[in-house]
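Let's take a friendly walk through how the pieces of this model fit together. Have the sequence and the 3D view open as you read.

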Amino acid sequence: MIEKLAKILGYDGVLCTPEDLAVYSYDGTFAEGVPRAVVLPETTGQTSEIVKLAAEARIPLVARGMGSGLAAGSVPINSESIVICFTRMNRILEIDAQNATVQAEAGVVTADLQAEVEKQGLFYPPDPSSIRHSTIGGNIACNAGGPRCLKYGVTSNYLLGLTVVLADGRILKTGGKPIKDVTGYNLTSMFASSEGTLGLITEALLRLVARPTQVRTALAEFDSLANASHTVNAILAEGIVPATLELVDQTAIVCIEEAMHLGLATDVEAVLIIETDGSDESTVVREIDAIGRICRESGARTVKVAKTGEERDGLWKARRSVGSSLARKAPNKLGEDITVPRSAIPEVVERLRGISAKHGLPIAIFGHAGDGNLHPNILFDKRNPEQWSKVQRMMGEIFEAALSVGGTLSGEHGVGVLKRPYFEHALGTVSVDVQRRIKHALDPLNILNPGKMFED
Amino acid sequence: MELEKPEESTYLNCIRCGLCLAVCPTYREYLKETASPRGRVALTRKGLEGKLDLSPNLIEEMYGCFACMACNDICPVGIQPANLALSMRYVQEQRQPKKWKEVIFKGLLSKAGRLELAMLPLRLYEKLGIRRLVYFLRLNRLLPDRIRDLEAMLPRIPQRPLRRVLPEITEAHGETRYRIGFFLGCAQSLLFAEQSAATLRVLARNGCTVITPKDIECCGMPARGYGRMDLVLSQARQNIAVFERFNVDVIVADCATCGSTLKEYDSLFARDPEWADRAAAFRSKVRDVSEFLAGIPLKKPTGRIEARVTYHDPCHLRRAQKVWKEPRKLLSLIDGLEFVEMPEADWCCGSAGSQLITHYDTSRKVLDRKLDNIEETEADIIASGCPGCRMQLKTGLQRRGTPARVVHPVTLLDEAYGGGDGRQND
């Protein structure tokens with residue numbers, strides 16, 4: 001098999017030493033599984049030939065980008081798997097300024113793509129926090145979000161077309177540059193958040209917008225988490241759509257302050273970080289001023305608006321360092337990404353605190369409050385079996401809390417392996433049945449990332 | 001014997017987020033996980049936990065790291081993947097010591113005199129000088145044409161090593177305001193003698209009486225890079241003891257690598273009751289030359305340099321010492337000089353000590369990215385405070401036919417002061 005793969009890719013494109021296999025056994029979670037080989041295709045044609053080979057031999061193929069996933073979607077749980085890693089397909093093929101589109105290969109790093117289009121005054125808004133260490137292909141396969149999604153939408157909102165290698169090796173091209181297209185099923189959308197189970201995305205055509213030139217950022221501290229949550233709704237009710245509306249709870253603030261010493265008040269229950277952007281300075285300023293007023297009316301203890309770029313970076317530093325500050329506290333953290341209707345945020349946060357107290361493990365909460373997307377992070381040590389079993393129970397209870405208020409398991413990370421046990425409960429049997437049929441129609445041999453999303 | 005190996009706490013909390021992949025020069029060239037910091041941390045952990053053999057392959061991945069430390073800086077959890085890669089090299093040397101390393105790092109490098117002597121009969125090939133290992137590695141793993149390629153582009157070797165030429169005491173011009181100990185590194189002495197001479201002139205011109213001890217040993221970085229931590233410790237002890245003989249306020253290095261290593265002496269001996277205080281006292285005095293000069297009132301240079309100048313941040317200054325504003329500040333003092341920042345000024349140039357020889361292909365790829373960024377500035381002069389970087393950049397620019405000059409920033413300051421001819425009267 002290695003020989004055959006090397007014939008397609010050259011020996012440089014096939015990895016199979018124990019060391020190579022070990023480092024492709026993980027993603028951004030604690031899950032692990034060692035594959036039998038790793039291949040690094042450089043073209044769609046090579047990808048197609050690899051798939052044909054795998055189909056013939058019935059070998060599972062696990063698609064992977066930079067391995068920053070948080071649901072173990074690209075972990076090769078089956079030891080017979082071949083990991084197909086797209087990092088070497090990293091060319092930006094065309095930036096069409098007139099139609100505001102970019103055609104890029106799957107392995108382009110999202111931040112690199114943004115930097116390139118911004119040179120031409122264009123803007124690709126989706127901004128997952130892994131923006132510098134994740135790829136466009138992975139972003140599409142997980143339909144990545146990020147703070148800016150409140151105003152700008154998620155990855156699939158920018159998807160115009162795809163090149164996908166199907167499970168039999170055929171190459172499917174979907175969509176095109178027209179913004180409107182109702183000719184047939186929307187296959188492009190179907191592959192967004194398909195997690196490598198329906199086809200292998202090798203190229204994407206993405207829609208761009210004009211780059212906003214003005215940004216204003218505010219940080220508001222609240223004595224009451226409920227007030228912070230209500231503020232979110234009050235802002236949106238006034239017809240203002242901020243670019244970002246981020247919430248950080250007290251547990252997380254205390255962790256950040258312990259790690260970073262930024263001078264944050266640790267006796268507040270929550271902070272909101274709010275940003276407005278656009279191309280007209282007076283509008284952006286007026287909006288941030290209005291937001292400041294609404295925050296104070298809703299009970300904010302203090303509201304600070306950044307006056308300089310440096311101050312703005314300072315405000316974001318707190319938000320950006322949440323994940324890392326938590327990681328310093330414990331060997332493992334399990335970050336979930338439940339998403340609930342905005343109005344239910346206070347109730348869910350209360351339930352999350354109850355879950356933490358009941359099991360005696362800390363849960364820090366932060367997230368994109370504007371779109372109801374919360375990241376409860378359980379801090380633990382996986383080597384301690386008692387803690388690990390608690391974590392598994394807590395995970396179930398967190399999902400239950402989200403579902404009970406009309407929310408969903410995952411707003412950004414996807415299902416992968418980690419949320420698989422809760423999949424059917426969340427969606428119901430009819431939905432899962434339809435999805436299984438789609439999967440079977442496209443991948444009858446079940447060689448594309450088997451065991452992800454659905455139980456085998 | 002119990003191996004000295006990285007403590008569990010130095011790798012256990014890696015959350016495998018992948019942020020380090022974005023900034024790693026070797027990952028960005030090969031685009032495979034094995035060549036990434038996160039990969040090296042995973043291999044370290046699995047190797048030390050016994051889940052993987054400490055195989056030659058695994059150790060080679062540790063030598064694949066260029067130790068630019070960009071990963072150390074970006075890691076949100078505080079893991080230092082570059083340091084782990086170096087520690088694993090030491091683990092390997094304890095398990096299977098290589099005789100040639102004893103010869104090179106203990107025999108040759110420890111004594112400046114021996115190194116200078118070795119330069120003599122090996123004039124032609126040994127002109128690679130700073131790449132002290134070439135003679136050996138050429139036999140081991142290099143194609144001769146690569147050596148010729150590199151060797152042809154090396155700086156002109158000074159007639160005599162600066163160590164032999166410099167007086168032990170260089171008096172300040174006018175009143176002595178600072179007593180400086182100068183750590184004259186091997187590369188500066190053997191290959192960039194004129195630039196270190198310029199450093200001394202600039203110091204003297206600004207009220208420094210400079211003592212240059214002649215019996216220092218190598219700073220320790222080469223031995224550290226090749227996993228001989230034991231030798232680093234003995235070299236550090238010697239250097240600490242040497243400078244204890246002199247009553248100096250500050251110890252200045254004009255080599256980024258030497259400076260960064262000297263600044264680590266305190267952490268090397270943190271748990272050694274006999275040496276901890278002495279090492280800490282030594283460490284507290286160490287400054288890079290640009291760091292020292294930027295912190296004292298300087299005489300305004302009267303000469304002009306009409307040129308477009310850019311600055312390349314050596315990893316051993318920017319990452320290891322957090323010194324990057326200071327050299328830019330010095331350049332801004334020079335009239336006529338137009339400073340232009342290059343994109344990714346702090347991205348590794350690929351020199352990485354001897355890796356430009358042992359990992360020639362990778363080194364060239366990393367260098368190409370740097371050269372593209374340099375060429376974008378259309379600079380006439382590239383300043384950089386590290387001899388390894390300067391050789392690498394000079395080699396690359398010559399290969400591309402770009403006529404730019406590559407110098408230490410303090411050399412430009414010296415020229416603006418009138419250089420060795422004393423054109424600027426004090």
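## A helix pair in chain B

α4(B) passes α6(B) in a left-handed crossing, meaning that the near helix is turned anticlockwise from the far one by less than a right angle, while clockwise would be right-handed. The contact brings together Ile59(B), Met62(B) and Tyr63(B) from α4(B) with Ala85(B), Met88(B), Arg89(B) and Gln92(B) from α6(B). Residues are in contact if their C-beta atoms, placed from the backbone, lie within 7 Å. By class, this contact has 5 nonpolar, 1 polar and 1 charged residues. Here Ala, Val, Leu, Ile, Met, Phe, Trp, Tyr, Cys and Pro count as nonpolar, Asp, Glu, Lys and Arg as charged, and the others, Gly among them, as polar.

A word on the source: this is a predicted model, in which local features need pLDDT of at least 70 and side-chain atom pairs count only at pLDDT 80 or more, whereas totals for chains, interfaces and linings use all residues. Residues are numbered from 1 along each chain as its sequence is written, and chains are lettered from A and ligands numbered from 1 in the order in which they are written.

To place the two helices, look for α4 at residues 56-63 and α6 at residues 81-95 of chain B; their axes come within 8 Å and cross at roughly 140 degrees. That angle makes α4(B) oblique to α6(B). The naming works like this: angles under 35 degrees count as roughly parallel, over 145 as roughly antiparallel, 65 to 115 as roughly perpendicular and the rest as oblique. Axes are lines fitted to C-alpha atoms, for helices over the stretch in contact, and angles run from 0 to 180 degrees between N-to-C directions. Helices (H or I, at least four residues) and strands (E, at least two) are DSSP runs, numbered from the N terminus.

## A second helix pair in chain B

Further along the chain, helix α16 (residues 229-244) and helix α19 (residues 276-285) of chain B pack at an angle of about 70 degrees, with axes 10 Å apart. This makes α16(B) roughly perpendicular to α19(B). Their crossing is left-handed. Ile240(B), Phe243(B) and Glu244(B) of α16(B) meet Arg278(B), Ala279(B) and Phe282(B) of α19(B), a set with 4 nonpolar, no polar and 2 charged residues.

## The two sheets

In chain A, an open sheet of 5 antiparallel strands follows the order β5-β6-β10-β8-β9. Two strands pair if DSSP finds at least two bridges between them. The edges are β5 (92-96) and β9 (171-175) of chain A, each with a single partner strand, so one side of each has no neighbour in the sheet. On average, neighbouring strands are turned by 10 degrees against each other, direction ignored. β5(A) is joined by 4 bridges to antiparallel β6 (residues 101-105) of chain A, with Ile92(A) partnering Ala104(A). Helix α4 (residues 110-118) of chain A packs on this sheet, touching β5 and β6 of chain A, and its direction makes about 35 degrees with that of β5(A).

Chain B has an open sheet of 4 strands with parallel pairing, in the order β7-β6-β8-β9. At its edges stand β7 (335-339) and β9 (405-407) of chain B, each with a single partner strand, so one side of each is left without a neighbour. Neighbouring strands here are turned by 35 degrees on average, direction ignored. β6 (residues 304-311) of chain B runs parallel to β7(B) and shares 4 bridges with that strand; Arg304(B) has Asp335(B) as its bridge partner. Helix α26 (residues 409-416) of chain B lies across β6, β8 (381-383) and β9 of chain B, at about 170 degrees to β6(B).

## Domains and the chain contact

Chain B is divided into domain 1 (13-95) and domain 2 (304-419), with bounds from an automatic or database domain assignment. Their centres, taken over C-alpha atoms, are 27 Å apart. The contact takes 11 residues from domain 1 of chain B and 12 residues from domain 2 of chain B.

How many residues of chain B are in contact with chain A? There are 24, and they meet 27 residues of chain A. α3(B) gives the largest share of the chain B side, 4 residues. That side has 13 nonpolar, 6 polar and 5 charged residues.

Technical notes. Contact = placed C-beta atoms within 7 Å.
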